[in-house]
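Please read this briefing alongside the sequence and the coordinates. It is arranged by topic.

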Amino acid sequence: NFRVHKYLGFNLNWSKSGLQNNGLTGFSITKKASLDLENINATSLIYFPIVGDHWLEGFAEIGVADVNSQIKFMQTNGEEIRRKAHETALLYGAGIQFMPYDLDIAFRFGFQKYQTHLGFVDAKITTFRGGVVIPF
C-alpha cells in the first residue's frame, strides 16, 4: 500500500490459491477436480474519514487484475481434462481502516470483487481480507 495523499493511495497485490471438489456439474469424474488460481492486481484507493482524521476511515478501490487459472479433472472414461485460461479483469472493493492515535500502524478489513469468468468454470471471485498496514 502506497499512500501518496491523505485521500489517495495505490495498492499492488499477488495471490495464489487452489480449490478441490469431489463433483463437477455436467461431468462424471473419478478424482477430485482441482482449480488453481494466480493473480496480480493493481488498485487505486480513495480514503474518507468516518471518525477523526485517521482513527477510523473507509476506503473504496478500483483497479485491474491479471488472473491465470487452470482446471484439471479425470472423467470416468479415463480422459484427463486440463484447461488453462488467462484474463485481465476489472475489480472493485471497499473496506474500513482503524488507526489508533498512539500507534503508527493500521488495521484493515475489506473486500474485492473481480469481474471475471475464469474460463471453463464461469466463476466470479470475491475476496475478503484483513490485515495490518505498517509504514516503511
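The points below cover confidence, the main nonpolar core, one strand residue and the main pocket.

This is a predicted model, in which local features need pLDDT of at least 70, side-chain atom pairs count only at pLDDT 80 or more, and totals for chains, interfaces and linings use all residues. Residues are numbered from 1 along each chain as its sequence is written, and side-chain values use heavy atoms, with hydrogens and water left out.

**Confidence**
- Mean pLDDT (the predictor's confidence in each residue, from 0 to 100) is 86 for the chain, and 93% of residues reach 70 or more.
- Strand E1 (residues 2–5) has the lowest confidence, at a mean of 86, and strand E6 (residues 106–114) the highest, at 92; strands are DSSP runs of at least two residues, numbered from the N terminus.

**Nonpolar core**
- The largest nonpolar core (buried Ala, Val, Leu, Ile, Met, Phe, Trp, Tyr and Cys residues joined through side-chain atoms within 4.5 Å; buried means under 20% relative accessible area, 1.4 Å probe, protein chains only) has 13 residues.
- Strands E3 (33–51), E4 (56–74) and E5 (80–98) each give two or more residues to this core, and E4 gives the most, with 4.

**Phe-109**
- Phe-109 lies in strand E6 and is partly exposed, at a relative accessible area of 49% (the class between 20% and 50%).
- Ala-94 is 15 residues from Phe-109 in sequence and 8.7 Å away in space, C-alpha to C-alpha.

**Pocket**
- The largest pocket has a volume of about 320 Å³; a pocket is an open set of points on a 1 Å grid over the protein atoms alone, where a 1.4 Å probe fits, with protein on both sides within 12 Å along at least five of seven lines, and the volume is the space filled by probe spheres set on the points.
- Among the 12 residues lining the largest pocket (an atom within 4 Å of a point), Asn-1, Arg-3, Val-133, Ile-134 and Pro-135 are the closest to its centre.
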